[in-house]
Amino acid sequence: MFARMSPRTGRKKSLSNLVSGAVYTTFPGSMTTGATAHVKGSWVSVGTVPFDVSEFFFSINNNAAATNTALLYDIRYTLDGVSRVIVPDAVGSNALRYSKYYPIKIPKGALVEVRAQSVRVSTAVTFFIEFFSDDNGYYDNQSFLGCVSVGVNTGTSSPSTALAETTTGTYPAMTNIGSVTAREFKAFRPMIGLNGTLISPGNNLLIGVGFGNVIYEEYFFAMDSNEWLQPLMHLEPCRIIVPQGTQLQAAAKGSAASTDPLVAMQCFF
């Protein structure tokens with residue numbers, strides 16, 4: 001259940017699963033991956049939101065040195081007996097303090113739940129979640145109803161495509177990510193994972209995403225000596241219309257050519 005609510009005068013209210021006054025060595029929530037590799041575990045209740053949510057942050061701790069931690073997670077809400085998965089098969093491999101920003105609406109009174117699958121079975125994965133209202137309606141107009149994952153392999157709990165990274169300062173030819181889109185989307189962004197246990201600590205990655213061999217947005221990631229991936233800041237989706245039938249693409253360049261990151265796309269509607 002939620003433990004702390006903080007009013008923000010004139011604009012927003014926030015709500016998180018932190019307990020006031022507690023000292024944490026990891027995130028306060030916990031979910032367990034399935035007892036079989038690459039099969040979802042049980043849904044874990046986070047709590048019922050007491051206001052209309054316009055956006056939220058979700059962070060997980062799923063890091064283990066020199067270990068393949070491939071993981072996918074789902075987020076759903078249930079209201080009036082009807083459940084809706086708003087974040088399916090999101091990539092969470094080698095993530096520590098990796099805060100994902102979701103500009104997605106959740107209605108007041110909805111029960112929020114999470115679950116995960118991984119190459120690692122019956123593994124506890126801790127998480128932090130914080131929701132925000134939008135009392136003046138501005139951000140609500142910028143929010144989405146949900147998202148889907150494109151280019152994810154649920155049989156390996158990871159993105160399907162490895163990008164050949166260059167160190168020349170210029171991008172290589174763009175690589176197709178997943179199948180062509182089945183519907184129109186309003187925004188998209190990359191989700192990255194490590195290629196098995198192939199690690200290059202200290203590597204910096206710049207990933208360009210787009211379609212039609214045009215890069216519309218770039219995202220920066222750093223990898224530290226503890227082998228976890230960290231974006232420079234939260235990843236705002238690239239807000240450009242993606243027509244139905246579009247082939248999404250990506251390219252990578254960085255400071256070391258040995259990482260070859262796995263990349264999928266998260267598309268918002």
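I'll start with strand S6, where 8 of the 9 residues are buried, so the strand is largely enclosed by the rest of the structure. Bear in mind that this is a predicted model.

What does S6 pair with? On one side of the list is S9, which pairs with S6 in the antiparallel sense over 8 bridges. In that pairing, Leu-71 stands opposite Ser-118 in S9. S7 also pairs with S6 in the antiparallel sense, over 7 bridges. There, Tyr-73 stands opposite Ala-90 in S7.

Next, the core. The largest nonpolar core has 36 residues, and the members that touch the most others are Phe-56, Phe-58, Tyr-73, Val-87, Tyr-102 and Ile-106. Which strands each supply at least two residues of this core? They are S5 (55–62), S6 (71–79), S7 (82–91), S9 (111–118), S10 (124–132), S16 (187–193) and S21 (262–268). S6 gives the most, with 5 residues. In general terms, nonpolar side chains tend to be buried together in soluble globular proteins.

Take Val-87 as one example from that core. Leaving aside residues up to four places away in sequence, Val-87 touches Phe-56, Tyr-73, Asp-74, Ile-75, Tyr-102, Ile-104, Cys-147 and Gln-266. Apart from the largest core lies another one, of 22 residues, including Ile-177, Leu-205, Cys-238 and Val-242.

Now the backbone, and two residues to look at. The hairpin of S6 and S7 has 2 residues between the strands, and Asp-80 takes a positive phi near 55° there. Asp-80 is not a glycine, and its place is in the loop between S6 and S7. Is Asp-80 buried or exposed? Its relative accessible area is 75%, and the cut-off for exposed is over 50%, so Asp-80 counts as exposed. To put the two side by side: S6 has 8 of its 9 residues buried, whereas Asp-80, in the loop between S6 and S7, is exposed.

The second residue is His-38. It also has a positive phi, of about 65°, although it is not a glycine. Where does His-38 sit? Its place is in the loop between strand S3 (29–32) and strand S4 (44–48). His-38 has a relative accessibility of 23%; buried would require under 20%, so His-38 counts as partly exposed.

To recap, S6 is largely enclosed, pairs with S9 and with S7, and gives the most residues to the largest nonpolar core. The positive phi values I showed belong to Asp-80 and His-38.

Notes:
Residues are numbered from 1 along each chain as its sequence is written. This is a predicted model: local features need pLDDT of at least 70, side-chain atom pairs count only at pLDDT 80 or more; totals for chains, interfaces and linings use all residues. Side-chain values use heavy atoms; hydrogens and water are left out. A nonpolar core is a set of buried Ala, Val, Leu, Ile, Met, Phe, Trp, Tyr and Cys residues joined through side-chain atoms within 4.5 Å. Buried means under 20% relative accessible area, exposed over 50%, partly exposed in between (1.4 Å probe, protein chains only). Helices (H or I, at least four residues) and strands (E, at least two) are DSSP runs, numbered from the N terminus. Contact means heavy atoms within 4.5 Å. Two strands pair if DSSP finds at least two bridges between them.
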